[in-house]
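Colleague: I should like to go through this model with you, one element at a time. Please give the criteria as they arise.

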Amino acid sequence: RRLEKLNCDLDNFDLVISTHPFIHPICNSKTMMMLLDPILHTAYMAKPRMDKYLSFWKNDIEKAIKMGVPRGDIFYSGPLARPKFYKENKTTNENIILVTAGGGWINKTEKFLIPILESFENSEFKFVFVCGKNTRFYENKSKKFEGNKLFKFLSWQNESEMASWIAKSTAVLCFSIAQVSVEAGALKKPIF
């Protein structure tokens with residue numbers, strides 16, 4: 001419905017790129033699907049099939065070929081991360097569990113805060129929550145858990161700050177598959 005409201009004439013473009021398997025545009029333009037997930041779902045190959053595919057993951061290529069996509073129609077870029085994450089090569093483990101979710105999803109951590117407090121009360125780990133642009137969550141939780149050594153809440157972090165936090169984390173707990181998940185992988189950190 002949201003796409004229909006845009007009234008976008010897809011035939012006016014040379015290439016239409018789709019990033020979601022349920023949005024296969026039907027048009028006279030060339031079409032391309034970005035294979036964003038590390039596991040290739042058959043929905044990506046639903047008809048009408050795309051003209052070209054862009055894969056971030058090597059294992060997608062063989063799967064796509066088995067599903068009937070010609071090798072020449074698949075382009076491989078490798079996982080995409082912001083430049084700082086390729087340059088960051090010194091990592092440490094400072095007993096930090098970095099919790100990422102993006103501003104919209106960080107609210108989903110709410111119901112886990114007390115169970116984490118109870119389960120990790122005497123642990124050496126510190127849970128660092130990246131609240132992104134969700135200033136309400138950041139301010140509320142920073143105030144509520146002020147002085148608590150187990151939790152730390154961060155507001156918006158730029159590229160360098162995120163690379164630094166991931167580099168010193170023991171693991172990253174992701175509430176959504178997002179850019180940070182790929183970047184944590186680029187720094188060879190376990191992702192849960």
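The exchange below takes up the sheets, the helices, the charged pairs, the aromatic rings and the backbone.

Colleague: On what basis are residues numbered and features counted here?

Modeller: This is a predicted model, in which local features need pLDDT of at least 70, side-chain atom pairs count only at pLDDT 80 or more, and totals for chains, interfaces and linings use all residues. Side-chain values use heavy atoms, with hydrogens and water left out, and residues are numbered along each chain as its sequence is written, from 1.

Colleague: In the open sheet that contains β1, which strands stand at the edges?

Modeller: Helices (H or I, at least four residues) and strands (E, at least two) are DSSP runs, numbered from the N terminus, and two strands pair if DSSP finds at least two bridges between them. The order of this four-stranded open sheet is β1-β2-β3-β4, with parallel pairing. A single partner strand leaves one side without a neighbour in the sheet, so the edges are β1 (15–18) and β4 (74–76).

Colleague: Which residue of β2 stands opposite Leu15?

Modeller: β1 and β2 (residues 30–35) run parallel and are joined by four bridges. Opposite Leu15, the residue in β2 is Lys30.

Colleague: At about what angle to β4 does helix α2 run?

Modeller: Axes are lines fitted to C-alpha atoms, for helices over the stretch in contact (heavy atoms within 4.5 Å). Angles between N-to-C directions run from 0 to 180 degrees. Helix α2 (residues 58–66) lies across β2, β3 (52–55) and β4, and its angle to β4 is about 170 degrees.

Colleague: What is the strand order of the open sheet that includes β5, and what is the average turn between its neighbouring strands?

Modeller: This open sheet has four strands with parallel pairing, in the order β7-β6-β5-β8. Its edge strands, β7 (151–154) and β8 (171–174), each pair on one side only. Direction ignored, neighbouring strands are turned against each other on average by 25 degrees.

Colleague: Which residue in β8 stands opposite Val99?

Modeller: Strand β5 (residues 96–100) and β8 run parallel, with four bridges between them. The residue of β8 opposite Val99 is Leu173.

Colleague: Which residues of helix α6 are buried?

Modeller: Helix α6 packs on the sheet and touches β5, β6 (126–130), β7 and β8, with its direction at about 135 degrees to that of β5. At the start of α6, a side-chain oxygen of Asn158 comes to within 3.0 Å of the backbone nitrogen of Ser160. Buried means under 20% relative accessible area, exposed over 50% and partly exposed in between, with a 1.4 Å probe and protein chains only. In α6 (residues 159–168), the buried residues are Met162, Ala163, Trp165, Ile166 and Ala167.

Colleague: Which residue forms a salt bridge with Asp73?

Modeller: A salt bridge is a side-chain nitrogen of Lys or Arg within 4 Å of a carboxyl oxygen of Asp or Glu, and by this rule the count comes to two. In one of them, the closest N and O atoms are 2.9 Å apart, and Asp73 pairs with Lys52. The pair links the loop between α2 and β4 to strand β3, 21 residues apart, the residue in β3 being Lys52.

Colleague: Is Lys141, which forms a salt bridge with Glu110, buried or exposed?

Modeller: The closest N and O atoms of Glu110 and Lys141 are 2.9 Å apart. Glu110 is in the loop between β5 and α4 (113–119), and Lys141 is in helix α5, 31 residues apart. Beyond its neighbours within four places in sequence, Lys141 contacts Glu110, Leu113 and Phe153. Glu110 is partly exposed at 37% relative accessible area, whereas Lys141, at 5%, is buried.

Colleague: How is the aromatic pair of Phe137 and Phe153 oriented?

Modeller: Rings of Phe, Tyr and Trp (its six-membered ring) pair if their centres lie within 6.5 Å; planes under 30 degrees apart count as stacked, over 60 as edge-to-face and the rest as tilted. The structure holds nine such pairs. Phe137 and Phe153 are both buried. Their centres are 6.3 Å apart, with 70 degrees between the planes, and the pair is edge-to-face.

Colleague: What is the phi of Asn95?

Modeller: Most residues other than glycine have a negative phi. Asn95 is found in the loop between α3 (83–87) and β5, and is partly exposed at 29% relative accessible area. Its phi is positive, near 55 degrees.

Key. A polar contact is a pair of N or O atoms within 3.5 Å; within protein, one must be able to donate a hydrogen and the other to accept it, and residues adjacent in sequence count only if both atoms are side-chain atoms.
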